[in-house]
Amino acid sequence: MESIQHYLFSLNQFLNVYLPLKNPVLILALTLLIILFSPLLFKRFRIPGIIGLIISGVLIGPNFFHIIESTNSFELLSKTGLLYIMFLAGLEIDMQEFSNNRSKSLVFGAFTFLIPISIGYLVCVYVFHFPVWSSLLLASMFSTHTLLSYPIVSNMGIIKNRAVQVTFGGTIITDSAVLILLGIITNIVTGEIDNGFWLKITISLGLLLFATLYLLPRISRWFFRNIEAQASSHYIYVLAVVFISGFLSELAGVEPIIGAFLAGLGLNKIIPHTSILMNRVVFIGNTLFIPFFLISAGMLVDLKLFFKGSEALIFAGILSAVGLFTKYAAAWLTSKVYKYTKHERNLIFGLSVSHAAATLAIIKVGFDIKLFDQNVVNGTIILILVSCLVSSFITERAARNIAIEEKEVILKNSDKVERILIPVSNPDNIQRLIDLALLVKDQKSTEPLYPLSIVEDDADADEKLNIVRKVIEGVAEQIASGDKKVEILKKVDLSIVDGIVRTSRAYNISDILISYKAQQGSSNLFGNVAASLLVKSKQSILISKILQPLNTFERIIVILSPNAELENGFTRSVFKINALIKQLGSSAMIYGSANTIQIFSEIIGDKKKVFYKYNKLENFDDINELNTTKEDDLFVFLSARKQTLSYDYLVDEMPKKLNKSNEFTSFIIIYPDISKTLHEGRITDITSTSIDQRYVQVKQFTGKITGIFKKEGDEDLT
């Protein structure tokens, strides 16, 4: 017995001498080990990894084993993680879906702000008997929520789900309203509010919105266009933008998390969601910065409160009950109004119930200006722990169910696996080809990209193949840093075209993406490779001429060939065009016949035709944008192979004319696949279109003949 007591005494002395850890290298090493092993350990007990990090923070924090103290360096990383969560929330919002759900976001934002603050105020006044300003500030705490469970929905791949988008929109509204209210109450209590206060906060917030939503996209386009070759600089730039926006937010009188969120919205149109840069941003955030914040949130919890009488426990229990009930009421009411499913309701509740960032800000400010006592602080910390636990469990379960349902729908509706082949013989083209492939690829597809290094069989074939392969492997490594898959293929063949066709058949390829640059020097605009591929293959073919980084285009002009909707590959082509426009965040103009535009808008869910500017054409002879191109224009032509229903001579000639008149203009041509029997079309329309094409061809041919025999002096005689 004495030996045990002696051992415990020695252990206690050791802990008092060596703990908390002082060596920053050792602190960082221990924290990284926690980030590595904690999620793995807790997931064995079916506990979400986020909870594992929070509980680990509780155990190593100053209120338990006191292994680590919150040093300046640790607080910096924790603050970065907090800003990162809000930044990613703004960055990954699908702006098209958000626009489509704008009214729903406003309704949910109103519910999740008004219901908690109203019920919370009544509880604070009539149960806790707090004064007015203390009650109002504490009640506003119930309205806030931090998207702590965001990494869960991100990992499940359901960011675009309507429930997630509505919750993101509600976050903007409720957190902005609460943090503005915090500033107002603080100024009232401290006696600093005057006639100029409202003018100051209005102007400062207006300038913040102008800087993040108007100036930031323009500065970023310039930066990415001129610093294209230095990929590492792109991430440093993004990280700097997050902190600068947070600082500007503080100058405007609101919390820095609002600035970080607005920075995400500002860069939303500049950073494509499937780009290499996005992979890098998400990977580093979820791997390093966000876990630091979760651990630091756990370090605030003091479990000894449970053993210091019933008063603190009852107070914390009431706060937790009110916080959970009011957020569930807001989610339930929203789901009833818009007839959401049970899983979507639970997902809204799970995402919006966690209290952390803004809640801590409110309690800290309230404690500093003496509106709250230590009892309120302790109860709030318990609320944070309980709400984060509930949020993680509910979100993970709901997100998994929704992901399974969406996967079943995809498998049911998909008629062909999407596999994109990227043949490369010139290593200079690979980067932008893969960037384009990532943009048009279905984000829910688990299939890898297939870069193909292919050269003709000659004496230098092996050397050429190795050069191309090394470049492809370098780009593939960057993609693999995120969650994208790449399977590199190589082939030496007597014919480039035959090699591509044989590889496509062997790997069941659905789309072939080639570069226009690789075909220069041939008599045909796209070269013999592209022309032969169109004849010998049935897959969808994309021919691209991209002269600048894809995320720097400000306007996309889409031209749809007449009767394009009659092709079986039309729907898949429309999805690719829509994905390209959405991820580039550019303004778009769609040209086509009335029926083609109607079906195009229905496929992308834009029945009211509000997403883009639609222009109905009866005559494809002259499109004004082809003659008034701008530097940052990207043209997308949905053309067709000859002797198919939607082939149109005028549309087929447009890229050639554009390339000849504006050689510095970028464009993409999409030829839908013809692997199936074509739809039955409108015979009269097709016949008339075909006659028109023949007429134009004959007219141009006769024009060339008469030009040959024209005498030199004829012009002077007319």
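**View 1. The whole chain holds 27 helices and 10 strands.** This is a predicted model. The protein chain has 718 residues, and 53% of them count as buried. Its accessible surface comes to about 33,500 Å². Carbon and sulfur atoms account for 59% of that surface. Now take the contacts in the chain between residues at least 6 apart in sequence. Of these, 81% join residues at least 24 apart.

**View 2. The largest nonpolar core has 118 residues.** Which members touch the most others? They are Phe87, Val153, Leu267, Val281 and Leu347. A second core is separate and has 43 residues. Among its members are Ile422, Val558, Ile581 and Leu634. In soluble globular proteins, nonpolar side chains tend to be buried together.

**View 3. Phenylalanine 87 is shown with its contacts from beyond four places in sequence.** Leave aside the neighbours within four places. Phenylalanine 87 is then in contact with Val238 and Val242. Its contacts also include Ala260, Phe261, Ala263 and Gly264. Leu267 and Val281 complete the list. Both Leu267 and Val281 also appear, like Phe87, among the core residues that touch the most other members.

**View 4. Histidine 66 has a positive phi.** Find histidine 66 in the loop between helix 3 (49-60) and helix 4 (72-91). Its phi is near 55 degrees, and the residue is not glycine. Is histidine 66 buried or exposed? Its relative accessible area is 25%, so it counts as partly exposed. The cut-off for buried is under 20%, and exposed means over 50%.

**View 5. Asparagine 563 also has a positive phi.** Here phi is near 65 degrees, again in a residue other than glycine. Where does asparagine 563 lie? It sits in the loop between strand 6 (555-560) and helix 22 (570-584). The relative accessible area of asparagine 563 is 3%, so this loop residue is buried.

**View 6. Cysteine 124 and cysteine 388 are both buried.** Cysteine 124 has 0% relative accessibility, so it counts as buried. Cysteine 388 has 2%, so it counts as buried too. How many disulfides are there? The count comes to zero. To be counted, a pair of cysteine sulfur atoms must lie within 2.5 Å.

Technical notes:
Residues are numbered from 1 along each chain as its sequence is written. This is a predicted model: local features need pLDDT of at least 70, side-chain atom pairs count only at pLDDT 80 or more; totals for chains, interfaces and linings use all residues. Side-chain values use heavy atoms; hydrogens and water are left out. A nonpolar core is a set of buried Ala, Val, Leu, Ile, Met, Phe, Trp, Tyr and Cys residues joined through side-chain atoms within 4.5 Å. Buried means under 20% relative accessible area, exposed over 50%, partly exposed in between (1.4 Å probe, protein chains only). Contact means heavy atoms within 4.5 Å. Helices (H or I, at least four residues) and strands (E, at least two) are DSSP runs, numbered from the N terminus. Accessible areas come from the Shrake-Rupley method with a 1.4 Å probe; for residues, only the protein chains shown count as cover.
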